[in-house]
Amino acid sequence: HRFFLCGYFASNARVNQPDDDHPKWYCIGDPTEGALVTLARKAGINTKAVDENMPELREFPFDSVRKRMSSIRMFNGVPALFVKGAPESILAQCSYIEKPGKSVKKLTSIDKQLALKENDVYAAKAMRNLAYAYRLLNKNEKVEDLKLDEAETDLIYMGMVSLIDPVRDEVSVAMQAARNAHIKVS
């Protein structure tokens, strides 16, 4: 449950029901984040209730240098940081790992190697991979005073979600233009 919440918390997209202007479900915001919101809903998470009961306290937006974004939410009465991003970026900030149905343990170099290998396997299949991590904050910590570097440390690695990353429509046109120009494309 917390895994799917993490993806939802660290997303700003909204997925809306069909209406008079949209015959199908539609996303407002980043399509990747829309997919994560949809995944959370399919996992049984009532996103409206979550937003009411676990409000966002602070966000550290996505940054292309650090390749991740974070959201601090109230979670079971405690502020918690939820992070999603590039697997190598997330793993670099993790000190612990939580496997489904098991307790949190120290993240070993072997754990990191296995996660990065899994990332490579799915990336080779043209999948887009995002890692999830979290950290429970101290109840007395002032969320508004937290600096990014302080917040995104000693994270607990939860795992990775892989999405199909289809080729964009404009790629086939660009490939054909390259072939027409006798440019070898490999």
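This briefing covers the sheet, the cysteines, the aromatic rings and a few single contacts of the structure above. The model is predicted. Its sheet is open and has seven strands, with mixed pairing. The structure holds six aromatic pairs, and a search of the whole of it finds zero disulfides.

**Sheet layout**

- The strand order is 3-4-5-8-9-6-7.
- Strand 3 (56-63) and strand 7 (104-106) are the edge strands. Each has a single partner strand, so one side of each lacks a neighbour in the sheet.
- Neighbouring strands are turned by 30° against each other on average, direction ignored.
- In a regular strand, side chains alternate between the two faces of the sheet.

**Strand pairings**

- Strand 8 and strand 9 run antiparallel and pair over eight bridges. Tyr132 stands opposite Gly159 of strand 9.
- Strand 6 and strand 9 run parallel, joined by three bridges. Here Cys94 stands opposite Leu155 of strand 9.
- Strand 6 (residues 94-98) and strand 7 run antiparallel, also with three bridges. Glu98 has Val104 of strand 7 as its bridge partner.

**Burial of whole elements**

- Strand 9 (residues 155-164) has eight of its 10 residues buried, so the rest of the structure largely encloses it.
- Helix 1 (residues 2-9) is mostly covered, with six of its eight residues buried.
- The buried residues of helix 1 are Phe3, Leu5, Cys6, Gly7, Tyr8 and Phe9.

**Cysteines**

- No disulfide turns up anywhere in the structure.
- Cys27 is in no disulfide, and the nearest cysteine sulfur, that of Cys6, is 18 Å away.
- Cys27 is partly exposed, because its relative accessibility is 33%, between the 20% and 50% cut-offs.
- Cys94 also has Cys6 as its closest cysteine by sulfur, at 9.9 Å, which is too far for a bond. The cut-off for a disulfide is 2.5 Å between the sulfur atoms.
- Cys94 is buried, with a relative accessible area of 6%.
- Cys6 is buried too, within helix 1.

**Aromatic rings**

- Tyr8, Phe9, Phe75, Phe82 and Tyr134 make up one aromatic cluster.
- One of the six aromatic pairs is Tyr8 with Phe9. This pair is tilted, at 6.2 Å centre to centre and 50° between the planes. Both Tyr8 and Phe9 are buried.
- Another pair is Phe82 with Tyr134. Their ring centres are 6.3 Å apart and their planes meet at 20°, so the pair is stacked. The stacking cut-off is under 30 degrees.
- This stacked pair links distant parts of the chain. Phe82 is in strand 5 (residues 78-85), Tyr134 is in strand 8 (residues 127-136), and 52 residues separate them.
- Phe82 is buried, with a relative accessible area of 0%. Tyr134 is buried as well, at 3% relative accessibility.

**Single contacts**

- The charged end of Lys106 sits over the ring of Tyr96, 5.3 Å from the ring centre.
- Ser95 belongs to strand 6. Its side chain makes a polar contact with the side chain of Asp154, at 2.7 Å.
- Ser95 counts as buried, because its relative accessibility is 15%, under the 20% cut-off.

**The loop at Lys67**

- Lys67 lies in the loop between strand 3 and strand 4 (68-75).
- Lys67 counts as partly exposed, at 38% relative accessibility.
- Lys67 and Pro87 are 20 residues apart in sequence. In space, their C-alpha atoms are 9.0 Å apart.

**Strand 6 in brief**

- Strand 6 pairs with strand 7 in the antiparallel sense and with strand 9 in the parallel sense.
- Strand 6 holds Ser95, whose side chain contacts that of Asp154.
- Cys94 and Ser95 both count as buried, at 6% and 15%.

Definitions and conventions:
Residues numbered from 1 in each chain as written. Predicted model: local features only at pLDDT ≥ 70, side-chain atom pairs only at ≥ 80, totals over all residues. Heavy atoms only, no water. Pairing = 2+ DSSP bridges. Helix = DSSP H or I, 4+ residues; strand = E, 2+ residues; numbered from the N terminus. Axes fitted to C-alpha atoms, helices over the stretch in contact; angles between N-to-C directions. Buried < 20%, exposed > 50% of the residue type's maximum accessible area, 1.4 Å probe, protein only. Phe/Tyr/Trp six-rings, centres within 6.5 Å; stacked < 30°, edge-to-face > 60°. Lys NZ or Arg CZ within 6 Å of the ring centre and 35° of its normal. Polar contact = N/O pair within 3.5 Å; in protein donor to acceptor, adjacent residues only side chain to side chain.
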